[in-house]
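Biologist: I should like to learn how to read a ligand site in a model of this kind. May we go through the structure together, one feature at a time?

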Amino acid sequence: TAAPDLAGRHVVISAGGTREPLDPVRFLGNRSSGKQGYALARTAAARGARVTLVEANTRLPDPAGVDVVHVGTAVELRAAVLAAAADADAVVMAAAVADFRPAEYAAGKIKKKDGEEPAPVVLVRNPDILAEISAERVRADQVIVGFAAETDDVLANGRAKLLRKGCDLLVVNEVGEHRTFGAEENEAVVLAADGTETPVPHGPKEALADTVWDLALPLFH
Ligand code: PMT
């Protein structure tokens with residue numbers, strides 16, 4: 001069993017992928033399964049933390065001993081994360097949050113009309129939850145961890161994202177149609193605000209999760 005080095009800590013983790021509805025039957029979504037976020041929740045609970053898991057559209061059973069909040073959209077995920085973050089020692093944003101949502105929601109199913117071209121889908125920006133909680137810092141000693149899902153120029157994009165988002169740690173992982181999403185394993189480089197970079201070799205998502213907690217621990221003080 002793991003050392004209870006997170007005992008007395010409350011950690012908030014987001015997992016899964018948001019779905020942004022177009023109409024009652026369709027949505028814009030992404031390929032996140034939630035497995036990386038659930039691995040973070042399980043490992044934190046095993047290390048003694050009180051865990052709030054904000055889950056969007058996974059098909060995973062609630063982990064034992066974890067408070068789970070179920071949400072659908074980015075706006076709902078923001079509300080749940082902000083509410084739980086108020087008394088959290090750490091917030092880890094492993095969810096794949098849609099940057100944009102359809103500007104309009106059609107109350108009835110959008111119909112195709114004979115001889116008409118499809119109407120363009122107009123998008124508007126979603127709130128950037130990670131940037132918001134990093135800027136506001138409801139608690140000065142709160143540790144905020146983001147993930148960066150990149151398909152190219154992985155490290156350069158990750159370094160720029162760490163600065164832009166303002167979090168303490170950023171876990172940079174490469175994703176693709178058949179890479180990382182839904183897999184049991186992951187590999188990553190964890191970037192810290194002080195410039196240190198910790199490579200995590202290919203292995204179970206739990207191993208990456210434990211490295212995230214190892215790197216977060218010394219930042220609590
Ligand atoms: O769920 P799995 O199948 O196990 O796959 C794991 C994963 C690939 C989803 C995970 O490891 C991962 O990389 N999660 C972050 C995905 C993502 O949204 O990355 P991003 O580079 O688009 O966003 C950067 C960070 O900002 C993330 O922490 C994200 O949660 C956050 N964000 C993004 C947009 C937004 N509007 N608000 C946010 O808070």
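Biologist: How do the residues of the shell around the ligand divide into nonpolar, polar and charged?

Modeller: Please bear in mind that this is a predicted model. The shell around the ligand comprises 14 nonpolar, 8 polar and 6 charged residues.

Biologist: Which residues around the ligand come nearest?

Modeller: A residue is counted here when one of its heavy atoms lies within 4 Å of the ligand. There are 28 residues around the ligand, and the nearest are Ser32, Ser33, Lys161, Asn173 and Gly182.

Biologist: Which elements each supply at least two residues of that shell?

Modeller: Helix H1 (35-46), helix H3 (129-136), strand S9 (143-150) and helix H4 (154-165) each do so. The largest share comes from S9, with 4 residues.

Biologist: How far is an oxygen atom of the ligand from an N or O atom in the side chain of serine 32?

Modeller: A polar contact is a pair of N or O atoms within 3.5 Å. For serine 32, a side-chain N or O atom and an oxygen atom of the ligand are 2.6 Å apart. Serine 33 also places a polar side-chain atom 2.6 Å from an oxygen atom of the ligand. With lysine 35, it is a backbone N or O atom that lies 3.2 Å from an oxygen atom of the ligand.

Biologist: How much of the ligand does the protein bury?

Modeller: One takes the area that the ligand exposes alone, and then the part of that area covered by protein. Here the ligand alone exposes 770 Å², of which the protein buries 96%.

Biologist: In which pocket does the ligand sit?

Modeller: The ligand occupies the largest pocket, whose volume is about 820 Å³. Its lining consists of 38 residues, and Ala95, Ala96, Val97, Phe147 and Ala149 are the closest to the pocket's centre. H1, H3, S9 and H4 each contribute at least two residues to this lining. By class, the lining of the largest pocket holds 16 nonpolar, 13 polar and 9 charged residues.

Biologist: How much space lies in the second largest pocket?

Modeller: The second largest pocket holds about 540 Å³ of space. It is lined by 17 residues, with Ile110, Pro118, Ala119, Pro120 and Val121 closest to its centre.

Biologist: How do the residues of the lining of the second largest pocket divide?

Modeller: That lining has 10 nonpolar and 7 charged residues, and no polar ones.

Definitions and conventions
Residues numbered from 1 in each chain as written. Predicted model: local features only at pLDDT ≥ 70, side-chain atom pairs only at ≥ 80, totals over all residues. Heavy atoms only, no water. Polar contact = N/O pair within 3.5 Å; in protein donor to acceptor, adjacent residues only side chain to side chain. Areas by Shrake-Rupley, 256 points an atom, 1.4 Å probe, with all protein chains shown as cover. 1 Å grid on protein atoms, 1.4 Å probe; cavity = no way out; pocket = protein on both sides within 12 Å on 5 of 7 lines; lining within 4 Å. Sits in = over half its atoms within 2 Å of the grid points. Nonpolar A, V, L, I, M, F, W, Y, C, P; charged D, E, K, R; others polar. Points joined across faces, edges and corners; volume = space filled by probe spheres on them.
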